[in-house]
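Work through the exercises below with the sequence and the coordinates open beside you, and try each task before reading its solution.

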Amino acid sequence: MHRALLSFAQTLLIEPRCPICDGPWDNPLPPTAPCTTCLDALALPCQGLKGLQPLPWCALGSYAGPLRQLLLKLRQQRQGKALVALVQLLSDRFTLPATAVLVPIPSWKRQRSNPLPQRIALGLGRPTTELLHRNRAGLSQHHLNKRQRETNLIGAFQACPLDRQGAHCSVWLVDDILTTGSTALAAREALEAAGHRVAGLICLARTPARERRR
Ligand SMILES: [Zn+2]
């Protein structure tokens, strides 16, 4: 009995588990990385995804298939290890400039707000500052079309003014998903009006063009 317990405890202590599926970990990468089965299933592009519209952005992959399912789960279940693993992959793929300061985009909902932008920013290991605040509780962007989203966002954010340190920094906005970019553009506008320089947005996933048009 004792021996079985001891062996079970050793398994827990010694054998690394995949941070996403909790299965046996079989990867030559550090044990914060997902197992090869999860990596194959996620099929993330080696170089990540990048673009310039509607503002410069970079993402781990497309908001579709297994990555989409995983992110939906992360929002609800707060699976810390899986998020850490994804953020590590994101930071492996994109080296932000040394002067980068991260600003998570605040959630729309006051209750049950989305914790991911802030946790992604903290996981990226760069200075993070909450420069943005919502002026009012807008409608959730989720069910609005592009035009409604833009209207919903007018004057939605307010940014803390530039301090002396901020003058040397470039701001990277952080969000979990980039869809139309309306929220990011409204956030950038508020930051720039307060004197900040916004270099772009870093996120976990970019909604594919066919979904954005819907
Ligand atoms: Zn796995």
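The exercises that follow concern the strands of one sheet in a predicted model.

**Exercise 1.** Determine the order of the strands in the open sheet, and explain why E1 and E3 each have one side without a neighbour.

*Solution.* Begin with the order, which reads E1-E2-E7-E6-E3 in an open sheet of 5 strands with mixed pairing. Strand E1 (49-51) and strand E3 (100-104) stand at the edges, and because each has a single partner strand, one side of each is left without a neighbour in the sheet. As for the twist, neighbouring strands are turned by 25 degrees against each other on average, direction ignored.

**Exercise 2.** Establish how strand E7 is paired, and whether its residues are mostly covered or uncovered.

*Solution.* Take first strand E2 (residues 57-62), which runs parallel to E7 and is joined to it by 5 bridges, with Ala59 having Cys203 as its bridge partner in E7. Turn next to strand E6 (residues 170-178), which pairs with E7 in the parallel sense over 7 bridges, and in which Leu178 stands opposite Arg206 of E7. Finally, consider burial, taken as under 20% relative accessible area: 8 of the 9 residues of E7 (residues 198-206) are buried, so the strand is mostly covered.

**Exercise 3.** Find which pairing is antiparallel, and describe where helix H7 packs.

*Solution.* E1 and E2 run antiparallel and are joined by 3 bridges, and Gly51 has Trp57 in E2 as its bridge partner. Helix H7 packs on the sheet, where it touches E6 and E7, and its direction makes about 160 degrees with that of E6. Together, E6, H7 (residues 182-193) and E7 make a right-handed β-α-β unit.

Methods: Residues are numbered from 1 along each chain as its sequence is written. This is a predicted model: local features need pLDDT of at least 70, side-chain atom pairs count only at pLDDT 80 or more; totals for chains, interfaces and linings use all residues. Side-chain values use heavy atoms; hydrogens and water are left out. Buried means under 20% relative accessible area, exposed over 50%, partly exposed in between (1.4 Å probe, protein chains only). Helices (H or I, at least four residues) and strands (E, at least two) are DSSP runs, numbered from the N terminus. Two strands pair if DSSP finds at least two bridges between them. A crossover is right-handed if, with the strands pointing away from the viewer, the path from the first strand over the helix to the second runs clockwise. Axes are lines fitted to C-alpha atoms, for helices over the stretch in contact, and angles run from 0 to 180 degrees between N-to-C directions. Contact means heavy atoms within 4.5 Å.
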